[in-house]
Amino acid sequence: MSLTNKDWLEEKQRVQEVIGSIEQRIRQLEAETGEVKTEVVEIRKHFWDEVTVNLSTSEDMIETHFSLRQQAEVLSERERSYRQAAATLKKLRRLVRSPYFGRIDFREEGSGESSPEPIYLGITSFRDEEGDRFLVYDWRAPVSSLYYDYPPGPAKYETPGGEITGELLLKRQYVIRDGGIHWMFDTGITIGDELLQQVLSRNSDAQMKSIVATIQKEQNQIIRNDRSRLLIVQGAAGSGKTSAALQRVAYLLYKYRGHLTADQMVLFSPNPMFNSYVSTVLPELGEENMQQTTFQEYLERRLGKDFKVEDPFDQMEYVLTSEGQPGYNGRLQGIEYKSSDDFFRVLLAYKDRLEAEGMLFKPVKFRGNNIVSAAQLKEKFYEYDSSIRLTNRIVLLRDWLLKEVASFELTQRNEPWVEEEIELLEPEDYQRAYARVRKMQKDKEETFDDFEKEKELLAKVIVHERLKPVRKRLKQLKFVHVRALYRQLFTDSQLLAELMKGTGGTMPELWSDICEATIAKLEQSELSFEDATPYLFLLELVQGFQTNTSVRHVIVDEVQDYSPFQLEFLKRLFPRSRMTALGDLNQAIYAHGSALGELEPLTRLYGPDQTELIRLTRSYRSTKEIVEFTRGMVPGGDAIIPFNRAGAKPEVMAGAGREWLHEAIASRIEALRSDGCESVAIICKTAGESVEAFAALQNRVAGLRLVTKDTQGFEQGVVVIPAYLAKGVEFDAVLIYDGSKRRYSRESERKLFYTACTRAMHFLYVYSPDQDLSPFITEQKADTYVMMPGV
Ligand SMILES: Nc1ncnc2c1ncn2[C@@H]1O[C@H](COP(=O)(O)OP(=O)(O)OP(=O)(O)O)[C@@H](O)[C@H]1O
């Protein structure tokens, strides 16, 4: 379909008109917001002038109250309308730069129209001055889905009132910049290949971009899916999982506006740097960002006060670098077992058992003596009716303990320690205690008359103050000895065997090594990453689950890095939420079981009826050549279809020694930079290797930066980064620092190598300081890469 001159003229004219209307609306809004702002400032300045304050009689007080309230309401109403107008203004300022990116002409069945009104799609909707005609439709409006789902021909879309069928007569794409059409194209069978080519061949950015103009049909299924409670997206590296998830957030915010706000959605990211990488997509679309966090951040918040909690990256470093060390195989088995469904069931069985027997408590102590002993607590606990749920019995026990402490408090006032404390009070402490006593007395309209009375009251205050931490701990249910309960699983092998009996699991072969290591850590108040989730789970099983009921949507990116256990945990944490879980099994780099590994545990989370799975097989990030090289590395890789964007074949260089390696890398980076390549990553296997590479290269490569697990912001430039931190992000060029057999040969390293290579958009170079290359390279078809002379 070729565009005629007439088409160009009409379209150019229309863009001018629409931009003109938007500009006019912007001017109007600027004037309005300016006025409202002045009004708000004035109201604030003269707030008290408008309020009649008179507190003489109770009627005057009531009148004052109402006058105050009225004035506050006027103020907040003006503030609200200011905020709304300012938000619209922000959107329009964005829209005016590029009012739309697509057009569809759709003839509704039965309408009889020969040339229907064209529908133009942009990042937000915009009506003409009279407000009757949409000059731009929001890309999330029901009708807009036609643009993403169909080529010209028969088409249909869903509306709240039912399905609308008809014929798509035209589909046109635009690139509009600075008020002019830069590019325009009518699409035939596949949408946006040309535009997508343009978008994808651009250099990478420090921030992820929105993909509204080129969303692909299968991605649109993810974005607009709102039937299932759990939506699982299994997609190849670079297939647009993260992009689709962020567009989905924008879509849901639009569809459920008025009911759903950005702070009711949470994104779980693989690391803090990723948060910064994706943080601009939603604001670019005129939406506020959802909450962003990491699973580790949550664990820290819950357990960080009592334990030093290991993070997944340290666990990863251990797994990658400690093979052959004593305890290594045991730890590996431990990681696997503690994240397994079997262990999850063991903990549930443990809780059932504790309902009847075996609870462990900490004595409630004060000044080294028991107020209530652990044995008394246990006895009391099992005196409660066994039909009462365990967590409810804990609450009853807490209330009983608070009463016990109150009685204990009375017994302490005449104890010698209290008198001693009064005597030893520092003057300022005495003053403070005295002031408290005065305050207490004032309320009762009593006065001090003698020294004895004063002492008595001071004693009361002191005992009460000193018991405050005890009460606080009781309220936090710290009297339940969760640490000992967890420990018991690793000290009492008979207990574990019995719990396992009901669950059908088997004990790992190196169980005694696992026990030894777990106990040693617990004794130092440390929790390995693999213990943190089961520990918190057990804690919540006995103390009651902390839930967040305000969150309505949870998005878990890189879900293959979560164990089914962790997902179960998230489900319980957000009981009123839907979940979108996105991942790629081929990038499952952790030693623990992956939630995506078998779909069955994941489906069981909400049940098959409420679960949907969408697979994405087209990869958009990397050139065809890079995809053809990398897909051979992973099982099922044949199914990955590269987007048709040509580039250079990946280059592999095996040389002689480190000096050669560093020279080769430095000169490659210089060449890339002079070709305009802005974002380059030297990807290492571990953090340790990254530190070494950085030290060797920093004097040879200007502006080189080292990315560590604590790096918060994703900045453009040349970086040295461990593979597991490069997850989810992308670079124009990737240089694998050491692709030798020594570094990558174990099966467990295959996915890590794949993940590292698939970060490349345009160029991929693999270096090796010796001639012995990783089998993950040499196994590939010889024509998928170029072997360069090394030395
Ligand atoms: N429909 C699209 N239009 C334009 N660009 C797209 C589209 N889909 C994906 N991309 C681009 O492809 C790249 C990879 O996308 P994204 O990071 O969302 O993939 P992913 O599946 O999350 O990858 P990974 O699993 O490797 O982290 C990004 O640069 C993204 O902008």
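Start with the open sheet of seven strands, ordered S22-S23-S21-S24-S25-S20-S26 and paired in parallel. Pick out strand S22 (705-706) and strand S26 (786-788): they stand at the edges, and each has a single partner strand, so one side of each is left without a neighbour in the sheet. Keep in mind as you click around that this is a predicted model.

Now move inward. Select strand S21 (residues 680-684) together with strand S24 (residues 731-736); the two run parallel and are joined by four bridges. To see one pairing up close, show Val680, whose bridge partner in S24 is Ala733.

Next, add the helices. Helix H27 (residues 747-757) packs on the sheet, where it touches S21, S24 and S25, and its direction makes about 140° with that of S24. Then colour helix H25 (residues 657-674), which lies across strand S20 (651-654), S21, strand S23 (718-722), S24 and strand S25 (760-768). Against S25, H25 runs at about 160°.

Time to zoom out and colour by domain. You'll want four selections: domain 1 (5-191), domain 2 (212-304 + 547-619), domain 3 (364-475) and domain 4 (644-788). Put a distance between the C-alpha centres of domain 2 and domain 3 and you should get 48 Å.

On to another sheet. This open one has six strands in the order S10-S9-S15-S16-S8-S17, again with parallel pairing. Its edges are strand S10 (291-294) and strand S17 (611-616), each with a single partner strand, so one side of each has no neighbour in the sheet. From one strand to the next, the twist averages 15°.

Within that sheet, select strand S9 (residues 265-269) and strand S15 (residues 553-557), a parallel pair held by four bridges. Show Leu267 and you'll find it opposite Ile555 in S15. Helix H9 (residues 295-303) packs on this sheet too, touching S9 and S10, with its direction at about 75° to that of S10.

Last stop: the ligand. Which residues are closest to the ligand? Select Thr214, Gly240, Lys241, Thr242 and Ser243, the closest of the 23 residues that surround it. Colour the shell by class and you get seven nonpolar, eleven polar and five charged residues. Helix H4 (193-200) and helix H6 (241-255) each supply at least two residues of that shell.

Finally, bring the domain colours back. Why does the ligand lie between domain 2 and domain 4? Because domain 2 (212-304 + 547-619) and domain 4 (644-788) both give residues to the shell around the ligand.

Note on methods
Residues numbered from 1 in each chain as written. Predicted model: local features only at pLDDT ≥ 70, side-chain atom pairs only at ≥ 80, totals over all residues. Near = placed C-beta within 6 Å. Nonpolar A, V, L, I, M, F, W, Y, C, P; charged D, E, K, R; others polar. Domains from an automatic or database assignment. Pairing = 2+ DSSP bridges. Contact = placed C-beta atoms within 7 Å. Axes fitted to C-alpha atoms, helices over the stretch in contact; angles between N-to-C directions.
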